[in-house]
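Work through the exercises below with the sequence and the coordinates at hand. Each task is followed by a solution that goes step by step.

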Amino acid sequence: MRSSDGSREEVGYLEELIEGGSPFIFLTGKAGTGKTTLLKKIYEKYKSTAVKIAPTGVAALNIDGQTIHKFFKFPPRMFDVREIALRKPNDVISCLTLLIIDEISMVRADLLDNINEILKICRKTAEPFGGIQVLAVGDLFQLPPILKDGTEAEIFNSRYKSTWFFDAHVFEQVSMSGVNLEIPFRQKDERFVEALDNLRLGKELEDTVDWLNGSCLKESFEIDSSVTLTGTNQAADIYNQRKFDSLKGEEVIYPGKFDGKFELAGKNLPAPQQLRLKIGAQVMVTRNQPAAANGTICRVVDLDAKKVQLERIDDGNVLTLRKAKWEQVEYNLNPQKYEIEAAVSGVYTQFPLTLGWAVTIHKSQGLTIDSILLDLGNRAFASGQAYVGLSRCPSVSNVSLARPLQPQDIIVDPAAIQFMSDLFE
């Protein structure tokens, strides 16, 4: 197991693990340490025999990959491994040597076991994962797995110790190697980094919460140009609508366009299907652009049918934005080259923008936002909410709190802490 100091050696070390035949590699690290960047570098080297998959459509779109369920043709529910044998195998699996799973923290133990079973069936071998190497990427202190109450939970709890991927039964047969990225590129303030570490791991909460409240509680917390991070879509929508309605001027609606089989819809789209804008509206860029990164906050200064002119909040620079295309892919086998190729299966075209006064903590995952207001409502209700929200901002001086934090707002699963301790310490 290895904890990284953030140097260029991470790529080389991962390559060593892959070339050395490590069967299951867990790449993790705190927010802003470059997990996604490293994932993409590894994929570029091995892409002729590798695929990238993720548990949700949004996560798959972010890595230019496929969802787990679509790639393996799994049903969208809990299912028994005996059903897998009845499903038509994916031709790509015969050529596959490296399976990359992003957002592994959201992958339940039963789903990972089903991946193991179908790979063994398709490869006609008893080896774990069909002899295919797995690179799993994610942070157990950000997005937790979800288990529905009722019958599903009763069945699951009778079979598994926890919902986490590391409690899958396959690990009774296969070993795990770990790489832990520790140096954040987003924050430079050592005291803020220490506070975020404490929130992530549930340590020294009384002192940490006191320090954050002293640093972040401000008399006027609606700082102009800040992004409010909320726990729910409803709260974000209400805040954005109120601010949007307060603007004078004509509303312009830009419809998004679908081509082929683009399977995301509604709140999961990277930009609204009906994008409503006014001059003066605060917006967030939702895709990297030459003059603005994903998460950049801007103000609309001009609108026409083919372009939107924006002023960046952080530096005042003006940029012109045109419509962007998001592509969903399917993996196919090239029989001549016997290589895996990613083919575009669907396209969504829209201006890469969304109203930017407020966004959910969940949707802020992976973003860097210069100034935030964290609004947890009456209480935090999910593991990692406070940590993910606060860690979006590079500087503690640009963080505001809608109410004082309480130690009970910091929710960390002891099973995740124990697993990380066993793997890396």
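**Exercise 1. Determine how strands β12 and β13 are joined, and place them in their sheet.**

Step 1. Strand β12, residues 282-285, and strand β13, residues 297-303, run antiparallel and are joined by three bridges. The model in which this pairing appears is a predicted one.

Step 2. For the register, take Met 284, which stands opposite Ile 297 in β13.

Step 3. Widening the view, one finds an open sheet of five strands in the order β15-β14-β13-β12-β18, with antiparallel pairing. The edges of this sheet are held by β15 and by β18 (353-355), and because each of these has a single partner strand, one side of each is left without a neighbour in the sheet. From one strand to the next, the twist averages 45 degrees.

**Exercise 2. Describe the hairpin of β14 and β15, and say which residues of β15 lie on its covered face.**

Step 1. Strand β14 (residues 308-312) pairs with β15 in the antiparallel sense, over four bridges. Within this pairing, Leu 310 has Leu 319 of β15 as its bridge partner.

Step 2. Between the two strands of the hairpin there are five residues, and Gly 316 takes a positive phi near 80 degrees.

Step 3. Strand β15 (residues 318-321) has Leu 319 and Leu 321 on its covered face, whereas Val 318 and Thr 320 belong to the uncovered one. Leu 319 is thus a residue of the covered face and also the bridge partner of Leu 310.

**Exercise 3. Analyse the salt bridges of Arg 312, Lys 307 and Glu 44, giving the exposure of the residues that take part.**

Step 1. Arg 312 forms a salt bridge with Asp 314, in which the closest N and O atoms are 2.6 Å apart. Since buried means under 20% relative accessible area, Arg 312 counts as buried at 16%, while Asp 314, with 41%, is partly exposed.

Step 2. A network is also to be noted, in which salt bridges that share partners join Lys 70, Lys 261, Glu 263 and Glu 330.

Step 3. The side chains of Lys 307 and Asp 304 meet in a salt bridge with an N to O distance of 2.7 Å. Lys 307 is partly exposed, its relative accessible area being 33%, and Asp 304 is partly exposed at 29%.

Step 4. Glu 44 and Lys 47 meet through their side chains in a salt bridge of 3.3 Å, N to O. Here Glu 44 is partly exposed with a relative accessible area of 48%, and Lys 47 is partly exposed with 38%. The structure holds 16 salt bridges.

**Exercise 4. Find the order and the edges of the open sheet of four strands.**

Step 1. The four strands follow the order β19-β8-β20-β21, and their pairing is parallel.

Step 2. At the edges stand β19 (358-360) and β21 (399-401), each with a single partner strand, so that one side of each is left without a neighbour in the sheet. The twist from one strand to the next averages 25 degrees.

Step 3. Strand β8 (residues 227-230) pairs with β19 in the parallel sense over three bridges, and Thr 228 stands opposite Ala 358 in β19.

**Exercise 5. Establish the span and the buried residues of helix α10, and then those of helix α6.**

Step 1. Helix α10 covers residues 233-245, and its 13 residues should span 18 Å at 1.5 Å a residue, which agrees with the 18 Å between its end C-alpha atoms.

Step 2. The buried residues of α10 are Ala 236, Tyr 239, Asn 240 and Phe 244. Seen down the helix axis, they fall within an arc of 130 degrees, so they line one face of α10. On the other side of α10, Gln 234 and Ile 238 are exposed.

Step 3. The partners of this face come from both sheets, for the buried residues of α10 pack against strands that include β18 and β19.Step 4. Helix α6 (residues 109-123) has 15 residues and reaches 21 Å from its first C-alpha to its last, close to the 21 Å expected at 1.5 Å a residue. Eleven of the 15 residues of α6 are buried, so this helix is largely enclosed by the rest of the structure. Among the buried residues of α6 are Leu 111, Leu 112, Ile 115, Ile 118 and Leu 119, and also Asp 110, Asp 113 and Lys 120.

Step 5. After α6 comes Lys 124, whose phi is positive, near 55 degrees.

Technical notes: Residues are numbered from 1 along each chain as its sequence is written. This is a predicted model: local features need pLDDT of at least 70, side-chain atom pairs count only at pLDDT 80 or more; totals for chains, interfaces and linings use all residues. Side-chain values use heavy atoms; hydrogens and water are left out. Buried means under 20% relative accessible area, exposed over 50%, partly exposed in between (1.4 Å probe, protein chains only). Two strands pair if DSSP finds at least two bridges between them. A salt bridge is a side-chain nitrogen of Lys or Arg within 4 Å of a carboxyl oxygen of Asp or Glu. Axes are lines fitted to C-alpha atoms, for helices over the stretch in contact, and angles run from 0 to 180 degrees between N-to-C directions. The expected span of a helix is 1.5 Å times one less than its number of residues. The arc is that of the directions from the helix axis to the C-beta atoms. Contact means heavy atoms within 4.5 Å.
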